[in-house]
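Visitor: I have a new structure open and would like someone to walk me through it. Could we take it slowly?

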Amino acid sequence: MLALSVEAHRTGCAVVVATGELDLAGARRVLDKLDRLVTEGRDRIVLDMAGVAFCGAQAMSALVRTRARAQRAGGWLRLAAVPPHVQRVFQRTDLDRLFPHFPDVAAAAAGRAIPDQRIPPGGSK
């Protein structure tokens with residue numbers, strides 16, 4: 001099960017907090033939520049993934065599509081606080097190249113990414 005909430009950050013971007021699993025059903029929900037934000041003109045989005053337990057291929061595809069759509073609208077999609085087990089999946093698929101590492105929502109909202117910190121297979125940060 002996936003829980004999503006949207007908050008306004010002081011910088012003006014929308015912060016979507018995801019808690020639970022980004023499986024097939026969760027991917028559809030997050031895509032719908034993020035697409036709705038872009039349609040409403042809220043095209044600067046931070047997805048807080050600190051509470052994400054699982055991120056499947058469909059969710060990754062949804063994030064890539066939303067990122068492209070936000071960029072076409074002049075905005076961006078940034079992922080914040082991606083747990084190490086999810087970050088490893090992004091690294092294995094090279095999606096970490098599209099989504100720089102932001103340790104928390106404040107850094108993502110400000111655009112302050114930290115240098116590439118690849119997680120070794122079977123290791124942790």
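Guide: What follows is a conversation about this predicted model, beginning with the whole chain and ending with single residues.

Visitor: Okay, how many helices and strands are there in the protein?

Guide: The protein has 4 helices and 4 strands, and if you follow the chain from the N terminus, the elements come in the order β-β-α-β-α-β-α-α.

Visitor: And how does the radius of gyration sit with a compact globule?

Guide: The protein has a radius of gyration of 13 Å, which agrees with a compact globule, because a chain of 125 residues folded that way would be expected near 14 Å. Along the principal axes, the C-alpha atoms occupy a box of roughly 40 × 30 × 25 Å.

Visitor: What share of the residues is buried?

Guide: Of the 125 residues, 46% are buried. As for the contacts that hold a separation of 6 or more, 66% of them link residues 24 or more positions apart.

Visitor: What about the surface, and the charges?

Guide: The accessible surface is about 6300 Å², and carbon and sulfur atoms account for 52% of that area. There are 18 positive and 12 negative charges, and the mean positions of these two groups lie 3 Å apart.

Visitor: Let's pick one element. Which residues of helix H3 are buried?

Guide: Helix H3 runs over residues 84–92, and its buried residues are Val86, Gln87, Arg88, Phe90 and Gln91. The cover over these buried residues includes strand E3 (44–55), helix H2 (57–72) and strand E4 (76–80).

Visitor: You mentioned E3. Is Cys55, in that strand, buried or exposed?

Guide: Cys55 counts as buried, because its relative accessibility is 6%, under the cut-off of 20%. Leaving out neighbours within four places in sequence, Cys55 is in contact with Leu22, Met49, Met60, Val86, Val89 and Phe90, and of these partners Val86 and Phe90 are among the buried residues of H3.

Visitor: How far is Cys55 from Leu24 in space?

Guide: Their C-alpha atoms are 9.2 Å apart, while in sequence Cys55 and Leu24 are separated by 31 residues.

Visitor: Anything else in E3 worth a look?

Guide: Asp48 also has its place in strand E3, and Asp48 is buried because its relative accessible area is 16%, again under 20%. Setting aside residues up to four places away in sequence, Asp48 touches Val15, Val16, Val17, Ala18, Ala80, Ala81 and Val105.

Visitor: So what does the side chain of Asp48 reach?

Guide: The side chain of Asp48 comes to the backbone nitrogen of Ala50, at 3.1 Å. On a wider scale, the C-alpha atoms of Asp48 and Ala108 are 9.1 Å apart, although their positions lie 60 residues apart along the chain.

Visitor: Changing topic, what is phi like at Ala81?

Guide: Most residues other than glycine have a negative phi. Ala81, which is not a glycine, has a positive phi near 55°, and its place is the loop between E4 and H3.

Visitor: Which residue just after H3 takes a positive phi?

Guide: That residue is Asp94, with a phi of about 65° although it is not a glycine. Asp94 lies in the loop between H3 and helix H4 (105–110).

Visitor: And is Asp94 buried, partly exposed or exposed?

Guide: Asp94 is partly exposed, because its relative accessible area is 43%, a value between the limits of 20% and 50%.

Definitions and conventions:
Residues are numbered from 1 along each chain as its sequence is written. This is a predicted model: local features need pLDDT of at least 70, side-chain atom pairs count only at pLDDT 80 or more; totals for chains, interfaces and linings use all residues. Side-chain values use heavy atoms; hydrogens and water are left out. Helices (H or I, at least four residues) and strands (E, at least two) are DSSP runs, numbered from the N terminus. The radius of gyration is taken over C-alpha atoms; the globule rule is 2.2 Å times the number of residues to the power 0.38. Buried means under 20% relative accessible area, exposed over 50%, partly exposed in between (1.4 Å probe, protein chains only). Contact means heavy atoms within 4.5 Å. Accessible areas come from the Shrake-Rupley method with a 1.4 Å probe; for residues, only the protein chains shown count as cover. Lys and Arg count as positive and Asp and Glu as negative; His and the chain ends are not counted. The place of a charge is taken as NZ of Lys, CZ of Arg, CG of Asp or CD of Glu. A polar contact is a pair of N or O atoms within 3.5 Å; within protein, one must be able to donate a hydrogen and the other to accept it, and residues adjacent in sequence count only if both atoms are side-chain atoms.
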